[in-house]
Amino acid sequence: MSETFDITIIGAGITGCAIARQLARFDLSICVVEAANDIALGASKANGGLVHAGYDPTPGTVKAQVNARGCELYGTWAQELGFLFHRTGSMVLGFNDEDLAHLEQLRQNGLANGVPELSIVGPDRIHELEPRASADAMCALWCPSTGFVDPFEVAIAALENAVANGVTFMRSAPVEAIEVAGTGGDARFTLATPAGNVRCRYLINAAGNGAADISHMAGAEEFQMVWRQGNIVVLDKEPRTLMPLYPVPTPVSKGVIVTGTVHGNTVITATAAVREPGDTQTYATDVNALLTGAHKLVPDLDTRRVVRAFAGGRPVIKGTNDFFIGQSAVVPGLFQAAGIQSPGVASAPAIAERMERVMREAGVALRERADWDPIRRAPDDFDRVPLARKEELIESDPAWGQIVCRCETVPEAEIVAAIRRHPGAVSVEGVKRRCRAGMGRCQSGFCQSRVVAILARELGCDPSEVLLEDAGSWLVQGPLKGVR
């Protein structure tokens, strides 16, 4: 089996999905090729979800050029794609005169990068903006444009919209080899994958932590990825969502940040330690560092309410602290979107916009389609919809009244909808990311067996074949109690 496209995008993280959505408006055939079996299973999943405003990157870097613009675009993207985005503002807390000088430098960076309405405030304003912020903070950089999202929800929404506009998604298709032909013809690149060969005229490398391998396979730039691991802790829901609070950053990290989430949890994010590639283990030393750092910013934070700790790796290019976005200088027709570490989530819409511009400048013909539809209708979230809508849904299908996940109030019909969407969930974690079944306090303790049974029924397989997440992560051996 071999399929030919105008453009192939390698990687279905938030960067690849954003680029796919941006390019889907044009009269081109596009394919997104993903090594894993679902969307956003790499750095986009193990992420705190902060939409950083753009005062941190060094002016003149690629990061600086896309961060503030990406943050600005989130309002439009959230409205069009139907994902949750809260623009709460944020504060970087300072505790001494040295911190104050650093905050002023961040403010100057932000002004140079186009970040709006930055100001340095004192203790009274700090506690007016966030009453739970440390009373020891003597100053803060107040930034009204910061916000937060669920990064995997953004990626899923963007790719759903792209697929609705004709983009093809190939999952479980790791690229094993890339053949590059001459400059002529309709298919310059041939990608060998277990799901079949993919041929294309133009290739976009958005492979996250695998970007260096893809560049090497294509005979393009040689670079090395560093696995800068981050541990993250999630706390149970709070009565009031916290504003993002940052410490003064270090040269390699924004430090331990305390933030709310779009669903009301508190997240402490993230450590930054160089470890072996692929290491997603959580470490006691890292978790303790998170809890200690969090208490410095929010002393009354009840860290006994931890419901989950997890880790992931930022896609950092060795020797640089910047993004690599542009056409390869070695292989024409290959476009790189590599080294998309923090602030990758915040920058994603602007990275997509920049990739469009880079491709235009390289001579790629981008003619807008008359039938392009930028709107993606979000699925019904039973826990959030008004009572009248709940009644309508149950009237339409009694499965809307069958609650499977009690922590997050997720009914069977919502899980079925998550599986049947395009592209839909094919694993327990895929369901979890789409409708939050298993995201709550008990972390799937009560609902996982029901979710497995629903997946088996909808996918037409035996429960023993249902995966927790990616290939090989089976959950069940033998009969499943209670499955009819």
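Which residues in α1 are buried? In the predicted model examined here, I14, T15, G16, C17, A18, I19, A20, R21, Q22 and L23 are buried in this helix. Helix α1 covers residues 14-23, and because 10 of its 10 residues are buried, the helix is largely enclosed by the rest of the structure.

The overall architecture gives the setting for this helix. The protein contains 12 helices and 21 strands. Its C-alpha trace extends over about 65 × 60 × 45 Å along the principal axes. For 484 residues, a compact globule would be expected to have a radius of gyration near 23 Å, and the value of 22 Å found for the protein agrees with this. Of the 484 residues, 57% are buried. Among contacts with a separation of 6 or more, 71% are made by residues 24 or more positions apart in the protein.

The surface and the charges were also examined. The accessible surface of the protein amounts to about 19800 Å², and carbon and sulfur atoms contribute 50% of it. The protein carries 46 positive and 56 negative charges, whose mean positions lie 2 Å apart.

Two individual residues were considered in detail. R369 is located in the loop that runs between α8 (344-361) and α9 (387-396). With a relative accessible area of 18%, R369 is classed as buried, because the cut-off for this class is under 20%. The side chain of R369 approaches two backbone oxygens. The backbone oxygen of A24 is reached at 3.2 Å, and that of N165 lies 2.2 Å from a polar atom of the R369 side chain. Both A24 and N165 also appear among the residues in contact with R369 when its neighbours within four places in sequence are left aside. The other residues in contact under this condition are R25, F26, D27 and G166.

L235 belongs to strand β12, which comprises residues 225-235. The relative accessible area of L235 is 0%, and this residue is therefore buried. Once neighbours within four places in sequence are set aside, L235 is in contact with N265, T266 and I268, and also with L301, D302, T303, R305, V306 and V307. A further spatial relation links L235 to A309: the two residues are separated by 74 residues in sequence, while their C-alpha atoms are 9.0 Å apart in space.

Methods: Residues are numbered from 1 along each chain as its sequence is written. This is a predicted model: local features need pLDDT of at least 70, side-chain atom pairs count only at pLDDT 80 or more; totals for chains, interfaces and linings use all residues. Side-chain values use heavy atoms; hydrogens and water are left out. Helices (H or I, at least four residues) and strands (E, at least two) are DSSP runs, numbered from the N terminus. The radius of gyration is taken over C-alpha atoms; the globule rule is 2.2 Å times the number of residues to the power 0.38. Buried means under 20% relative accessible area, exposed over 50%, partly exposed in between (1.4 Å probe, protein chains only). Contact means heavy atoms within 4.5 Å. Accessible areas come from the Shrake-Rupley method with a 1.4 Å probe; for residues, only the protein chains shown count as cover. Lys and Arg count as positive and Asp and Glu as negative; His and the chain ends are not counted. The place of a charge is taken as NZ of Lys, CZ of Arg, CG of Asp or CD of Glu. A polar contact is a pair of N or O atoms within 3.5 Å; within protein, one must be able to donate a hydrogen and the other to accept it, and residues adjacent in sequence count only if both atoms are side-chain atoms.
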